[in-house]
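Work through the exercises below with the structure open. Try each task before reading its solution.

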Amino acid sequence: MKIAAIISFLSAISFLEVSMAAELILSKEGKAQASILLDSSPTKSAQLAAYELQWHLKEITGADFPIVRDESQAQGIVISLGETSLTRKRGLINISFQSQEYLIQFLPKVLILMGRDKKDQGEVVYDFRQNVYAYQTWPGLWDERGTMFAVYDFLRDFCGVRWFNPTELGMVIPKKPTLVVKGTRMRRKPFFRYRYVPPSPEVYDAYTALWPAKSEGFATYESAAYPALHQQFTNVHQYNMAKRNIIMLFFHRNKNGGEKYMANHSLYNYYHRFWEKNPDRPEIFVEKKPDWFAQGYQGLPPQLCYTHPEVIAQVVQDARDYFDGKGLHPFSLKPIADRNEAWGENNFCVEPMDNSLFCRCARCQELIGQGKEKMAVFSTGEHSDYFFWFVNQVAKEVEKTHPDKWISTLAYMTHTYPHKKFNLEPNVAVHFCFASNRMPYARQEYENELKALTAWMKSGGKRPYFLWLYYCFPVEIANNGKFHCFPGYFSQVIGQQFRLFRKLKIQGMFHCGYGQEVEAYLTFRLMDNPDLRVNSLLDEYFRLYYGKAAAPMKKFYLEIEKIYCDPANYPEKPAHQNAQIAWGKLGTSERMAYLKQLVEQAKMLAESPIEKKRIALFELATWKYMETGSQTFQVRMKAPIPEIKAIRVSPAAGDPASIDWTAACSLSEPWYDRGTDRPAARKFSGKICHDGEYLYLELVDPCLTSQLRVSPSVSCYDDWELFVATDRSLPYRQYLIGPTGLVVALSHGEINWQKNVPLEPHNVRVISDTKESDRWVTRLSIPLKTLLPRPLSPGDTFYLNIVRVSGPAFTGTGSIGIDSWVSFCTVHDVDRLAKIHLER
């Protein structure tokens, strides 16, 4: 009690000193008037904070500020960083701060910048241009870094520094040879304790960009964004490591990280442990347990059996091993050295595979049958009672041995809504997946997810709630479809969302995708303080970053935001962009002409060299991307679309083997790569005919059949996918055929505009021939009366495209391949379907 009383007394003295605080002159005419004080054995956080403060003050004033580790050596004003002899005299010590808390305190001739730091006192290397591995000596994103937070707030709020992006043009540092600062006392911590923008640092720019990472457009932009770095580091590895330092500093300056509470699809490692050996890590295989996996599917099971007692027991043991410092990393499959490399220090995730193809055994079906009515949206509660029952079984057992730890799970897809049949265990943390958070124009999806989020808040319990936010759209959709999207600017919606998150006491968030630049800056600031006003932040961004060109650049942003967020600019029941929506409805020729005028105005108004460079970089990053997207769309709309007559052959009763394929009509060649007019790498071929009752197709892929992958849901690879419609718009149907002849049929837009509605029975007959080592031949028939919602007869017309979705084994890029019969037409594109006439 005596020690506490002394600390309280000394703290009271420091409060009295506040009223006596005067302005501090840190530099005068380019001469330092202050010293930076560290403890004799400072934390890594304090060391890096000192280097950062010293560097920024040099940039601001031109003065050299000494860093000392002995109070007696400090000259002039003392800027005390972290716990020092000076702070201890005032009762301010490291452990007196809460997690992530920090203090800025102005006193006569003293400035205190300190906070809760991890007690790691290893030596920090700062100059990454001399040592590209300097970042390895810095604090991690999940370490306590309170002193660093204090320094960054001081530089921003009292010195006028801004970190808008990590490029060589991204910092705003005012030039003040005489630097005078004035303040009182501020003690706080970030509002959200978990703030995670996840990519490895050297790919952050690609993560936030419009251009695809490996495109020529991105390479041109990236070279212009880091010219000095490219000049110094010509070796690719050295360059990447140097850039990692830059992005890590950018993350620290924007307080990325905090307390880790990661959640993601956690159970994929069971395939390598209990289904088949992973050739890269064969030693982790235990034994094959087929009854542990979802029953009722061909090929690789899509899920585990979540009612199997042994599965529950194994997941419980995995959680206990994790918290006890044993077990495997869920993704790398290596022993866990640091829990912050996985789910977090106090958190273990339990989340199924990324699909809704759950087990068909009697136990599981009994629970699934208690689920909710299917909804015409992505996020439902159809499987909530089923999956959260499993989470509960794990959580109950783990609580017995680790009562201070958490089991995390997602509220996602068909288990987005809360359970209703039972209470969720109190040691379960829920991460709500706000999948449409960047799709405010899709009102049904958006409002449904707000409703689901509110339902969780009303479901009871004091559990922590976190978020998955999907800033990846619309760019991810565009990259997968190989078109350029119309930018998804949504600043006002971001402001609305963060006010809601604050009200609901959400505790943190993971970002699936991040950007673009303005959205990234706003979100970093609001994750720290959701009380900030978006309009003020926008004014600050454009005024400080673009200077004289601020007005037209802000108009450009707001115009795109207005277009993107307005539901009136989309088809009825909109979902994600495609090329037609992006440039036929959003970025129309008239709108692009107006936006170009604003870009030209900005170029004329820019005065200083840095303003001109920033406008030029914007042109490379954004405007060139948009112009290319618009121009490609114009070419796309002028490209020819196949028109085929399907000849009538002798009746075959739906048997593809009975067709004389030499008489069938050939589908035109070449086929095309991923929604473009570039010829596909492989020489696909096809034939089509009908017999008055059935449509027949022969599809040939000259591939190595040993590399074909069988998926229990057929998609996402390897398969053929047929898209058929009565015209070039919704509704349409999709038929997916896998290498074993497995078929999935789906309708899109037929019933209340719902998508992905299973068609059963599908009535498709398939003969899939993979006997030859170098060709996969698929022959199939579909009754004309059930091919589409209305029966077809000889003489009728319908619309078709055929897509071959290939696995990574065929692409060599690690991603899937998409090749299509019709140019500029990929999966779910219906505005360019080929016209098929059924011969009478």
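Two strands count as paired if DSSP finds at least two bridges between them. With that cut-off, H690 of β22 has L695 as its bridge partner in β23. The model is predicted.

**Exercise 1. The strands around β22**

Task: Find which strands pair with β22, and in which sense.

Solution.
- Step 1. Start with β23 (residues 694–701). β22 and β23 pair in the antiparallel sense over six bridges. H690 and L695 form one of the bridge pairs.
- Step 2. Look at the turn. The hairpin of β22 and β23 has three residues between the strands. G692 takes a positive phi near 95° in this hairpin.
- Step 3. Go to β19 (residues 643–648). β19 pairs with β22 in the parallel sense, over two bridges. R648 has H690 as its bridge partner in β22.
- Step 4. Check β20 (residues 665–666). β20 and β22 are antiparallel, again with two bridges. C665 is matched with I688 of β22.
- Result. β22 pairs in the parallel sense with β19, and in the antiparallel sense with β20 and β23.

**Exercise 2. A six-stranded sheet and its helices**

Task: Give the strand order of the open sheet of six strands, name its edges, and say which strands α2 and α4 touch or lie across.

Solution.
- Step 1. Read the order: β4-β3-β5-β7-β6-β11. The pairing is mixed.
- Step 2. Find the edges. They are β4 (67–68) and β11 (185–188), and each pairs on one side only.
- Step 3. Inspect the β4 end. β3 (residues 34–37) and β4 are parallel and share two bridges. L37 stands opposite V68 in β4.
- Step 4. Add α2 (residues 44–61). This helix lies across β3, β4, β5 (77–81) and β7 (110–115). Its direction is at about 140° to β5.
- Step 5. Add α4 (residues 146–159). This helix packs on the sheet and touches β5, β6 (102–107), β7 and β11. Its direction makes about 55° with that of β6.

**Exercise 3. A seven-stranded sheet**

Task: Work out which strands stand at the edges of the open sheet of seven strands, and what that leaves on one side of each.

Solution.
- Step 1. Write the order: β13-β12-β18-β17-β16-β15-β14, with mixed pairing.
- Step 2. Take the ends. β13 (257–258) and β14 (347–349) each have a single partner strand, so one side of each is left without a neighbour in the sheet.
- Step 3. Look at the partner of β14. Three bridges join β14 to β15 (residues 406–411), and the two run parallel. F348 stands opposite I407 in β15.
- Step 4. Place α10 (residues 309–323). It lies across β14 and β15, at about 150° to β14.

**Exercise 4. A helix pair**

Task: Describe how α18 and α21 pack, and which residues make the contact.

Solution.
- Step 1. Note the geometry. α18 (residues 550–565) and α21 (residues 609–638) pack at about 25°, with axes 13 Å apart.
- Step 2. Classify the angle. Angles under 35 degrees count as roughly parallel, so α18 is roughly parallel to α21.
- Step 3. Give the hand. The crossing is left-handed.
- Step 4. List the contact. α18 supplies M553, F556 and I560. α21 supplies I615, F618, T622, W623 and M626.
- Step 5. Sort by class. The contact has seven nonpolar residues, one polar and no charged ones.

**Exercise 5. Backbone details in loops**

Task: For K109 and R674, decide whether each is buried or exposed. Then locate the cis peptide bonds before P731 and P761.

Solution.
- Step 1. Take K109, in the loop between β6 and β7. Its phi is positive, about 65°, although it is not a glycine. Exposed means over 50%, so K109 counts as exposed at 63% relative accessibility.
- Step 2. Take R674, in the loop between β21 (672–673) and β22 (685–690). Its phi is positive too, about 40°, and it is not a glycine. Buried means under 20%, so R674 counts as buried at 8%.
- Step 3. Go to P731. A cis peptide bond joins L730 and P731, with omega about -5°. P731 sits in the loop between β24 (719–725) and β25 (732–737).
- Step 4. Finish with P761. A cis peptide bond joins E760 and P761, with omega about -5°. P761 is in the loop between β27 (757–758) and β28 (765–769).

Terms used. Residues numbered from 1 in each chain as written. Predicted model: local features only at pLDDT ≥ 70, side-chain atom pairs only at ≥ 80, totals over all residues. Heavy atoms only, no water. Helix = DSSP H or I, 4+ residues; strand = E, 2+ residues; numbered from the N terminus. Contact = heavy atoms within 4.5 Å. Axes fitted to C-alpha atoms, helices over the stretch in contact; angles between N-to-C directions. Parallel < 35°, antiparallel > 145°, perpendicular 65-115°, else oblique. Left-handed = near helix turned anticlockwise from the far one by under 90°. Nonpolar A, V, L, I, M, F, W, Y, C, P; charged D, E, K, R; others polar. Buried < 20%, exposed > 50% of the residue type's maximum accessible area, 1.4 Å probe, protein only.
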